[in-house]
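These are my notebook entries on a single protein chain, written down in the order in which I looked things up. I began with the overall fold and then went through helices, core and pocket.

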Amino acid sequence: MHDLTGFQRDILYVIAGLEEPHGLAIKDKLEDYYEGEIHHGRLYPNLDTLVEKGLVEKGEIDQRTNSYTLTRRGRRELEARRKWEHEYVGLDEETTEAVEAE
């Protein structure tokens, strides 16, 4: 996970949180988070990199739409990252609720 960009990590988080992750759904969620347009030329090469690294599996929904799911390794890496973040950030539930309420 240390060799991923922040954008690639964000893609993993989005994939983990979507019920049926496909390119446009991932793009929409990232655009919500980044509050701006995510170009295909940025998204799809990064998805391909995550596939090449064995963190994401690419499937086909139809001839125009690909699905993306975390591999077991991808889930392990994401969980390890979350534990590492928690070690340093250590937000408790009360703090998290206050931040979300803002």
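**Entry 1: the chain as a whole.** I read the pattern along the sequence of the protein chain as α-α-α-β-β-α-α, which amounts to 5 helices and 2 strands; helices (H or I, at least four residues) and strands (E, at least two) are DSSP runs, numbered from the N terminus. I note that this is a predicted model, in which local features need pLDDT of at least 70 and side-chain atom pairs count only at pLDDT 80 or more, while totals for chains, interfaces and linings use all residues. Residues are numbered from 1 along each chain as its sequence is written, and side-chain values use heavy atoms, with hydrogens and water left out.

I then looked up burial, where buried means under 20% relative accessible area, exposed over 50%, and partly exposed in between (1.4 Å probe, protein chains only). Buried residues make up 31% of the 102 residues in the protein chain. For contacts (heavy atoms within 4.5 Å), I found that among those with a separation of 6 or more, residues 24 or more positions apart account for 46%.

**Entry 2: the core.** I next turned to the largest nonpolar core, a nonpolar core being a set of buried Ala, Val, Leu, Ile, Met, Phe, Trp, Tyr and Cys residues joined through side-chain atoms within 4.5 Å. It has 20 residues, of which I11, L12, I15, I26, L30 and V56 touch the most other members. At least two residues of this core come from each of α1 (6–17), α2 (23–34), α3 (40–52) and β2 (66–70), and the largest share, 5 residues, is that of α1. I followed L30 further and, leaving aside residues up to four places away in sequence, found it touching F7, D10, I11, V14, I38 and L43.

**Entry 3: α2 and the residue after it.** I checked the length of α2 against its expected span, which is 1.5 Å times one less than the number of residues; its 12 residues should span 16 Å, and the end C-alpha atoms are 16 Å apart, which agrees. Its buried residues are G23, A25, I26, K27, L30 and E31, and what covers them includes α1, α3 and β2. After α2 comes E35, which sits in the loop between α2 and α3 and is exposed, with a relative accessible area of 74%. I marked E35 for its phi, a positive value near 55° in a residue other than glycine. Most residues other than glycine have a negative phi.

**Entry 4: α3.** I made the same kind of check here: the 13 residues of α3 should span 18 Å at 1.5 Å a residue, and the end C-alpha atoms are 18 Å apart, in agreement. L43, N46, L47 and L50 are buried in α3. Seen down the axis, the buried residues of α3 fall within an arc of 105°, so they line one face of the helix; the arc is that of the directions from the helix axis to the C-beta atoms. The face turned away from the buried side of α3 carries the exposed residues G41 and E52. I found the buried residues packing against α1, α2, β1 (56–60) and β2. G54, with a positive phi near 80°, follows α3.

**Entry 5: α4.** For the 18 residues of helix α4 (residues 72–89), the expected span is 26 Å and the end C-alpha atoms are 25 Å apart, which agrees. G74, L78 and R81 are buried in α4; they cover an arc of only 60° around the axis, which puts them on the same side of α4. Exposed residues R72, R76, K83 and E87 lie on the other side of α4. The buried residues of α4 pack against α1 and β2, and G90, whose phi is positive, near 55°, follows the helix.

I also looked up A80, which is in helix α4 and is partly exposed, with a relative accessible area of 43%. A80 and M1 are 79 residues apart in sequence, yet 8.7 Å apart in space, C-alpha to C-alpha.

**Entry 6: the pocket.** Last, I looked up the largest pocket and noted a volume of about 160 Å³. On a 1 Å grid over the protein atoms alone, a pocket is an open set of points where a 1.4 Å probe fits, with protein on both sides within 12 Å along at least five of seven lines, and lining residues have an atom within 4 Å of a point. Grid points are joined across faces, edges and corners, and the volume is the space filled by probe spheres set on the points. D10, Y13, R82, K83, E85 and H86 line this largest pocket. α1 and α4 each supply at least two residues of the lining, and α4 gives the most, with 4 residues.
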